[in-house]
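The following note sets out several points for consideration by a colleague examining this structure. The points are numbered and may be read in order.

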Amino acid sequence: MGRKRPEALRLPHAVIGSAPHSPRGFMDFDFDTPLELWDTHSSKFDSIPRVFGTDDRDVIPMWVADMDFAAAPAIKEALRAEIERGYFGYYANTSPVDMVVADWLKDRHGWEIDPSWVRYTHGVISGFGDVLATYSKPGDGVILFAPVYHAFYRQIEAMGREVVESLLKLVNGRYEMDLDALGAALKGHEKVVVLCSPHNPGGRIWSAEELRQLAEFCAAHDLILISDEIHMDLTFPGHAHVPTCVAAPDHIDRIVVLTAASKGFNLAGGETGLLIAPDKGIRTAIDKTILDRESSPNRFGIAMTRAAFESSGDWLDALRVYLAENFDIWKDRVGAIPGVSVMDMHGTYLSWVDFTGTGMEDAEIKARILNDAKIAASPGTQFGTGGSGHMRFNLALPRATMMTAIERLEAAFSDLQ
Ligand SMILES: Cc1ncc(COP(=O)(O)O)c(C=O)c1O
């Protein structure tokens, strides 16, 4: 296509994150110095009094899936340029950004798309709503593999569809789908399947074979498959995300991918998601939904998305190393608390911790973590069936803050030692 590929993306995939190979070196990025985030309209910080009922600023926020890190320099630069221009009207002609997105997906994830497949939504969950509105009606079933990210439940219910849970099985310490059980339980009103890939809260990357089997299942039962790949860029070094469309090329006529730069680059306040549908019929139907909603892209979110994918690959690679190190320390220490088990993960920064071995009820686990450890974490019960007895902790924070959280957790459960 003769498109110019951004310099930052030419790094060979095999060495990404494994060494300070970037021309600038990893040391340029500081994830260690805490930022002051109280009173900045950070949902993760400033919603704590409302959600957790405490004004105590000693509480460590480990709930909302944002990182406590400043964005990559190129992203701040891109916003500065928008502000300097001073024109903030409606946004049109996404094609240069479509190409940047296509290059990123190809170079980072080995997924070749046509840039014309890309649509911009007001965040991934808004795009999820667009797909549900297009491919289901009130009363239809929408399948989720539980436990899973809680906003899917709320959106499905708010739109009057029925949540159909397919329970993930725990096999050798990791989650697996049970398509035989799901097939046997289908009632015929199910229209859409939602897969979270990589998985939130389990942190695992689904294998190509698992993805292919799921796509085949969807074809056999005439279901639309939504693959939420928002965490695609947050894999630990040595692990590669598997795009569902790459794993299941024979079924791309029923797959809609929802993704974003927002998780990998910490841009969630930019409320910009990417909806990618290889099938023309799907794109036409979704375009009508988007048009009916009079929805046009967020200028600032698009500027940030572009700067992330075009020029911030080295920042991301430094981050992936930092997050993997955080997780290793966390798993060693927290996993050593009697009765507590930390699920192994391949990526994301959301650690799924099983407290069932302590014999405590959910209320006591929650109370010890909030009141004794002074940590605001996400209760597992938010993530549907299978979440009871668990808590989800966000590890995207400076190492010293995480160490304090670990020490407080050890103390809060010290009677179990
Ligand atoms: C799997 C998954 N999908 C979607 C979202 C939310 O995306 P957005 O804020 O773009 O709607 C999150 C946020 O944590 C998530 O983990």
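1. Strand 7 and strand 8 (residues 224-228) run parallel and are joined by five bridges. Within this pairing, Val194 has Ile226 of strand 8 as its bridge partner. The connection from strand 7 to strand 8 passes through helix 8 (residues 208-220), and the resulting β-α-β crossover is right-handed. It should be kept in mind that the model is a predicted one.

2. Strand 7 also pairs with strand 3 (residues 141-146), again in the parallel sense, over four bridges. Here Val142 is matched with Val192 of strand 7 as its bridge partner. Strand 7 itself, which spans residues 190-196, is mostly covered, with six of its seven residues buried.

3. Helix 6 (residues 150-158) contributes the buried residues His150, Ala151, Phe152, Tyr153 and Ile156. The elements against which the buried residues of helix 6 pack are helix 5 (124-135), strand 3, strand 4 (162-167), strand 7 and strand 8. After helix 6 comes Gly160, which has a positive phi near 75°.

4. The domain assignment divides the protein into domain 1 (7-72 + 313-416) and domain 2 (77-311). Taken over C-alpha atoms, the centres of domain 1 and domain 2 are separated by 24 Å. Contacts between them involve 38 residues of domain 1 and 42 residues of domain 2. About 3400 Å² of area is buried between the two domains, and carbon and sulfur atoms give 59% of this area.

5. Which residues have the most contacts inside the largest nonpolar core? They are Phe265, Phe309, Trp330, Ile369, Phe393 and Leu409, in a core of 97 residues. Helix 13 (residues 313-334) supplies the largest share of this core, 10 residues. Both domain 1 and domain 2 are represented in this core, each by at least three residues. A second, separate core has 27 residues, among them Val124, Leu144, Tyr153 and Ala260. As general background, nonpolar side chains in soluble globular proteins tend to be buried together.

6. Phe393 merits separate inspection. Neighbours within four places in sequence being left aside, Phe393 is in contact with Met62, Trp330, Tyr349, Leu350, Ser351, Val353, Phe355, Ile369, Ile375, Ala377 and Leu409. Trp330, Ile369 and Leu409 also appear, with Phe393, among the residues that have the most contacts inside the largest nonpolar core.

Terms used
Residues are numbered from 1 along each chain as its sequence is written. This is a predicted model: local features need pLDDT of at least 70, side-chain atom pairs count only at pLDDT 80 or more; totals for chains, interfaces and linings use all residues. Side-chain values use heavy atoms; hydrogens and water are left out. A nonpolar core is a set of buried Ala, Val, Leu, Ile, Met, Phe, Trp, Tyr and Cys residues joined through side-chain atoms within 4.5 Å. Buried means under 20% relative accessible area, exposed over 50%, partly exposed in between (1.4 Å probe, protein chains only). Helices (H or I, at least four residues) and strands (E, at least two) are DSSP runs, numbered from the N terminus. Domain bounds come from an automatic or database domain assignment. Contact means heavy atoms within 4.5 Å. Two strands pair if DSSP finds at least two bridges between them. A crossover is right-handed if, with the strands pointing away from the viewer, the path from the first strand over the helix to the second runs clockwise. Buried area is the accessible area (1.4 Å probe) that two parts lose on being put together, summed over both.
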